[in-house]
Amino acid sequence: MITTSHTTGRTRSKNSLATNMQKTIWIYGTGLLTDRYILALSLEYQIQGFITPDIHHGKKSYYSKPVVSMNDLTNQSFDLVVICSHEKGRVQA
């Protein structure tokens, strides 16, 4: 079955939505871009938590999910990292 998004006009199959829901993601960023896209991402993926380059910023959780550094992901299993940052040169692996 094919569905069309009323907000974007894009089409996709319901099977692709079910496949994405099984994918786990980490989101890089805890700012305005994340706030803008968190709802859409949470509808399509399982959000494990958030990544920040400065773990000493004081946030331990964001949207009830953990906030970690990139180094903390070495022992984690996930499918994607979604980058929600508009700062050039700040995203570091």
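This is a short tour of a predicted model, moving from its nonpolar cores to its strands and aromatic rings.

**Stop 1: the main core**

Select Ile25, Ile27, Ile38, Leu41, Tyr45, Ile47, Phe50, Tyr62, Val67, Val82 and Cys84. These 11 residues make up the largest nonpolar core. Now colour strand 3 (24-28), helix 2 (32-44) and strand 4 (46-51). Each of these elements supplies at least two residues of the core. There is also a second, separate core of 5 residues. Among them are Tyr28, Ile51, Val68 and Leu73. In soluble globular proteins, nonpolar side chains tend to be buried together.

**Stop 2: Val82**

Go to strand 7, residues 80-83, and pick Val82. Draw a distance from its C-alpha to that of Ile25. The two are 57 residues apart in sequence, yet 6.9 Å apart in space. What else is Val82 in contact with, leaving aside its neighbours within four places in sequence? Besides Ile25, show Trp26, Ile27, Tyr28 and Leu41.

**Stop 3: strands 4, 5 and 6**

Select strand 6, residues 65-68. On one pairing, strand 4 runs parallel to strand 6, and 2 bridges join them. Look for Phe50, whose bridge partner in strand 6 is Val67. Both Phe50 and Val67 belong to the largest core.

Next, add strand 5, residues 61-62. Does strand 5 run parallel or antiparallel to strand 6? The answer is antiparallel, again with 2 bridges. Here Ser61 has Pro66 as its bridge partner in strand 6. The two strands form a hairpin with 2 residues between them. Stop at Tyr63 in the turn: its phi is positive, about 50°.

**Stop 4: the aromatic rings**

Stay with Tyr63 and show its ring. The model has 3 aromatic pairs. One of them joins Phe50 and Tyr63, with ring centres 6.3 Å apart. Their planes are 40° apart, and the pair is tilted. Phe50 lies in strand 4 and Tyr63 in the loop between strand 5 and strand 6, so this pair ties together parts 13 residues apart in sequence.

Which of the two is buried, and which is partly exposed? Phe50 is buried, because its relative accessible area is 0%. Tyr63 has 44% relative accessibility, so it counts as partly exposed.

Now turn to Tyr62 and Tyr63. Their ring centres are 4.9 Å apart and their planes lie at 85°, so the pair is edge-to-face. Tyr62 is buried, with a relative accessible area of 12%.

To finish, show Phe50, Tyr62 and Tyr63 together. They form one aromatic cluster.

Key. Residues are numbered from 1 along each chain as its sequence is written. This is a predicted model: local features need pLDDT of at least 70, side-chain atom pairs count only at pLDDT 80 or more; totals for chains, interfaces and linings use all residues. Side-chain values use heavy atoms; hydrogens and water are left out. A nonpolar core is a set of buried Ala, Val, Leu, Ile, Met, Phe, Trp, Tyr and Cys residues joined through side-chain atoms within 4.5 Å. Buried means under 20% relative accessible area, exposed over 50%, partly exposed in between (1.4 Å probe, protein chains only). Helices (H or I, at least four residues) and strands (E, at least two) are DSSP runs, numbered from the N terminus. Contact means heavy atoms within 4.5 Å. Two strands pair if DSSP finds at least two bridges between them. Rings of Phe, Tyr and Trp (its six-membered ring) pair if their centres lie within 6.5 Å; planes under 30 degrees apart count as stacked, over 60 as edge-to-face and the rest as tilted.
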